[in-house]
Amino acid sequence: MYKPTAPGTWKGRVDATDGEEGKRWHQGIQLLNLSEETEPATADQAFAFLGFCCDEGVRRNQGREGAVQGPSALRQAMASFAWHLEDDTALLDAGDVYCTNQNLEEAQKQLGKKVNALLTNTYKTIILGGGHETAYGHYLGIKQALPADKQLGIINFDAHFDLRTYEKQPSSGTPFLQIADGLIEDNRDFNYLCLGIQQYGNTQKLFNTAGDYGADYVLAPAMQVYNYEALREKLQQFMALMDVLYVSIDLDVFAAAYAPGVSAPAALGIHPEIALILLQEIISSGKLLTLDVVELNPTLDVDNRTAKLGASLLYHVVQQWSQV
């Protein structure tokens, strides 16, 4: 269920006459094999990308399949980014976890093991999804690495709560209810802030479940730059009570004009600018532990628009996170 990234996977433009000044991400990326014993990060700022090649949860949730190709498309979109990182910063590709034979539950366990290995060895971990079932596997790794006295906060940029019941089987619509129940079982708080919720995309049952579990949220129409101060205040109030933060970016939160290549496009989704500003606020808190980008469906993308959006957000995340 796991494969390290093959040499030569990262390819892009080469400005041969510019020397070190023309360096791009594909020329600086290092490969990390998690099949072997994971060594502690040697750079002061070591970022590890780990793919989760899975859309079984999307299939179970009756969504449009194709997110299994998301990690590859994100890598391709990031490859030619100009290198503006300091000498003490390293980018590493830690390979991919695969879902085989529709065995989502085992794939999530394997993802959790790899995430734990990265976090416990002080890598700044970025997971490339995959459907939003990625989140539960991601959490399993966070759970293993998180000290008992640390309060975890979850911030989800998403058009959907993903709090569906999983009595029959887990899916891309159930991860945060699974996380909530797991935290409660461990006598820990479920601290969940969802940004960009579409009222038309969530039933009253889901709003009620959010209320029952104490989840907070902001509806998509309020996610506007002109409303930044109110959004910033809500975010600050949430983060002040947390020790560490797990951020999930579901690309279906964005308007379909920016993100057509997702399992469930949103005609009236949010603008990328407000997400970028709020991400900067989150990173500036110094509490970000780990992050994922999910629901990129390259088979439905238009001119790689969605892949480029997800990759560009990650570029800015890495740039700012490397300075914290």
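**Charged pairs and annotated sites**

His132, at 0% relative accessibility, counts as buried, and its place in this predicted model is in the loop between β5 (124-129) and α5 (134-145). In an unreviewed UniProt entry, the feature "binding site" is placed at His132, Asp158, Asp162 and Asp250; these positions are spread over 119 residues of sequence, yet they cluster in space, with a largest C-alpha distance of 10.5 Å. The unreviewed entry also lists Asp158, His160, Asp250 and Asp252 under "binding site", and this set, although spread over 95 residues of sequence, likewise clusters in space, the largest C-alpha distance being 8.9 Å. Asp158 is found in the loop between β6 (152-157) and α6 (175-185) and, with a relative accessibility of 0%, counts as buried.

A search of the whole structure finds 11 salt bridges. One of them joins the side chains of Arg60 and Glu56, at 2.9 Å from N to O, and both residues lie in helix α2 (residues 56-60), 4 residues apart, which corresponds to about one turn of the helix. Arg60 counts as buried because its relative accessibility, 15%, is under the 20% cut-off, and Glu56 is also buried, with a relative accessible area of 6%. Glu56 and Arg60 are, together with Arg59 and Glu105, linked in a network of salt bridges.

Two further salt bridges involve helix α8 (residues 228-240). The side chains of Lys234 and Asp216 meet in a salt bridge of 2.9 Å, N to O, a pair that links distant parts of the chain, with Lys234 in helix α8 and Asp216 in strand β8 (residues 216-219), 18 residues apart. Lys234 counts as partly exposed at 25% relative accessibility, as does Asp216 at 31%. Arg232 forms a salt bridge with Glu281, the closest N and O atoms being 3.2 Å apart; here too distant parts of the chain are linked, since Arg232 lies in helix α8 and Glu281 in helix α9 (residues 272-284), 49 residues apart. Within this pair Arg232 is partly exposed, with a relative accessible area of 33%, whereas Glu281 is buried, at 13%.

At the surface, Asp44, Glu86, Asp87 and Asp88 form a negative patch. Asp88, found in the loop between α3 (70-78) and β4 (89-98), is partly exposed, with a relative accessible area of 33%. By contrast, Leu193 in strand β7 (residues 191-197) is buried, with a relative accessible area of 1%; Leu193 and Gln237 are 44 residues apart in sequence and 11 Å apart in space, C-alpha to C-alpha.

Methods:
Residues are numbered from 1 along each chain as its sequence is written. This is a predicted model: local features need pLDDT of at least 70, side-chain atom pairs count only at pLDDT 80 or more; totals for chains, interfaces and linings use all residues. Side-chain values use heavy atoms; hydrogens and water are left out. Patches are made of residues with over 30% relative accessible area and no salt bridge: like charges are joined within 9 Å, nonpolar side chains (Val, Leu, Ile, Met, Phe, Trp, Tyr) within 5 Å. Accessible areas come from the Shrake-Rupley method with a 1.4 Å probe; for residues, only the protein chains shown count as cover. A salt bridge is a side-chain nitrogen of Lys or Arg within 4 Å of a carboxyl oxygen of Asp or Glu. Lys and Arg count as positive and Asp and Glu as negative; His and the chain ends are not counted. The place of a charge is taken as NZ of Lys, CZ of Arg, CG of Asp or CD of Glu. Helices (H or I, at least four residues) and strands (E, at least two) are DSSP runs, numbered from the N terminus. Buried means under 20% relative accessible area, exposed over 50%, partly exposed in between (1.4 Å probe, protein chains only). UniProt positions are given in the numbering used here, feature names are shortened, and annotations may be inferred rather than shown by experiment.
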